[in-house]
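Please consider the structure below, which a student and a tutor will discuss in formal terms.

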Amino acid sequence: MIIGMGIDIVELQRIESAVVKQPRFAERILTKKELDKYLTLSVIRKIEYLSGRFAAKEAFVKATNQSYGWHDIEVLNDGNGRPYITAEVNGRIHISISHSKNYAISQVIIESLSS
């Protein structure tokens, strides 16, 4: 049974502007592991990655209806590139992140662990 669902969309230009205005913006949003990955990416890919993580964390908060800090939610990728969230929650987390030329979007669904 679905116990929570959240979706968030972010304009890549908005995130890029935040990075230009606040050089430590990525450090505020990303965990250490996420930041390590971010630093290996090209300039364009960095904005897509950061925007996707921003949207994913916002969608997760909406799905849980609880307060979390940016570093309390970590979005990583498995060996096949599929994203997953490592935050504490009472349920199974399903996440999707997608990008277009101008936007990043993420949806999070939390499923009850009991039948």
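The dialogue that follows concerns a predicted model and takes up its cores, its largest pocket, its salt bridges and some single residues.

Student: Which helix gives the most to the largest nonpolar core?

Tutor: The largest nonpolar core holds 18 residues, and those that touch the most other members are Ile15, Val19, Phe25, Leu30, Tyr38 and Leu50. Helix H1 (12-21), helix H2 (25-29), helix H3 (32-38) and helix H4 (43-64) each supply at least two residues of this core. With five residues, the helix that gives the most to this core is H4.

Student: Which residues is Val19 in contact with, leaving aside its neighbours within four places in sequence?

Tutor: Val19 belongs to the group of residues that touch the most other members of the largest nonpolar core. Once neighbours within four places in sequence are set aside, the contacts of Val19 are Phe25, Tyr38, Ile47 and Leu50.

Student: How many residues are in the second, separate core?

Tutor: In general, nonpolar side chains of soluble globular proteins tend to be buried together. Here a second core is separate from the largest one, and includes Ala56, Ala63, Ala87 and Ile95. The number of residues in this second core is twelve.

Student: Which element provides the largest share of the lining of the largest pocket?

Tutor: The largest pocket has a volume of about 160 Å³. Its lining consists of Leu12, Gln13, Glu16, Val43, Ile44, Ile47, Glu48, Lys101 and Asn102. Two or more of these residues come from each of H1 and H4. The largest share, four residues, comes from H4.

Student: How many residues of the lining of the largest pocket are charged?

Tutor: Glu16, Glu48 and Lys101 are among the lining residues, and Asp, Glu, Lys and Arg count as charged. The lining also has four nonpolar and two polar residues. The number of charged residues is three.

Student: Is Glu48, which forms a salt bridge with Arg45, buried, partly exposed or exposed?

Tutor: The closest N and O atoms of Glu48 and Arg45 are 3.6 Å apart, and the two residues are three places apart in helix H4, about one helical turn. Arg45 is partly exposed at 31% relative accessible area. Because buried means under 20% and exposed means over 50%, the 21% relative accessible area of Glu48 makes this residue partly exposed.

Student: What separates the closest N and O atoms in the salt bridge of Asp36 with Lys32?

Tutor: Six salt bridges are counted in the model, and this pair is one that lies within a helix, H3, with its members four residues apart, about one turn. Asp36 is partly exposed at 36% relative accessible area, whereas Lys32 is exposed at 60%. The distance between their closest N and O atoms is 2.9 Å.

Student: Which residue forms a salt bridge with Glu27?

Tutor: Glu27 is partly exposed, at 35% relative accessibility. The closest N and O atoms of this salt bridge are 2.9 Å apart. The other residue is exposed, at 58% relative accessibility, and is Arg24.

Student: Is Asp8 buried or exposed?

Tutor: Asp8 is found in strand E1 (residues 2-11). Residues up to four places away in sequence not being counted, Asp8 touches Ala55, Glu58, Ala59, Lys62, Ala104, Ile105 and Ser106. Because under 20% relative accessible area means buried, Asp8, at 11%, counts as buried.

Student: What is the relative accessible area of Val10?

Tutor: Val10 also has its place in strand E1. Beyond neighbours within four places in sequence, Val10 is in contact with Ile15, Ser51, Phe54, Ala55, Asn102, Tyr103 and Ala104. Val10 is buried, and its relative accessible area is 1%.

Student: What is the value of phi near which Asn65 lies?

Tutor: Asn65 lies in the loop between H4 and strand E2 (75-77). This residue counts as exposed, at 70% relative accessibility. Phi is positive here in a residue other than glycine, with a value near 60°.

Methods:
Residues numbered from 1 in each chain as written. Predicted model: local features only at pLDDT ≥ 70, side-chain atom pairs only at ≥ 80, totals over all residues. Heavy atoms only, no water. Core = buried A, V, L, I, M, F, W, Y, C linked by side-chain atoms within 4.5 Å. Buried < 20%, exposed > 50% of the residue type's maximum accessible area, 1.4 Å probe, protein only. Contact = heavy atoms within 4.5 Å. 1 Å grid on protein atoms, 1.4 Å probe; cavity = no way out; pocket = protein on both sides within 12 Å on 5 of 7 lines; lining within 4 Å. Points joined across faces, edges and corners; volume = space filled by probe spheres on them. Salt bridge = Lys/Arg side-chain N within 4 Å of Asp/Glu carboxyl O.
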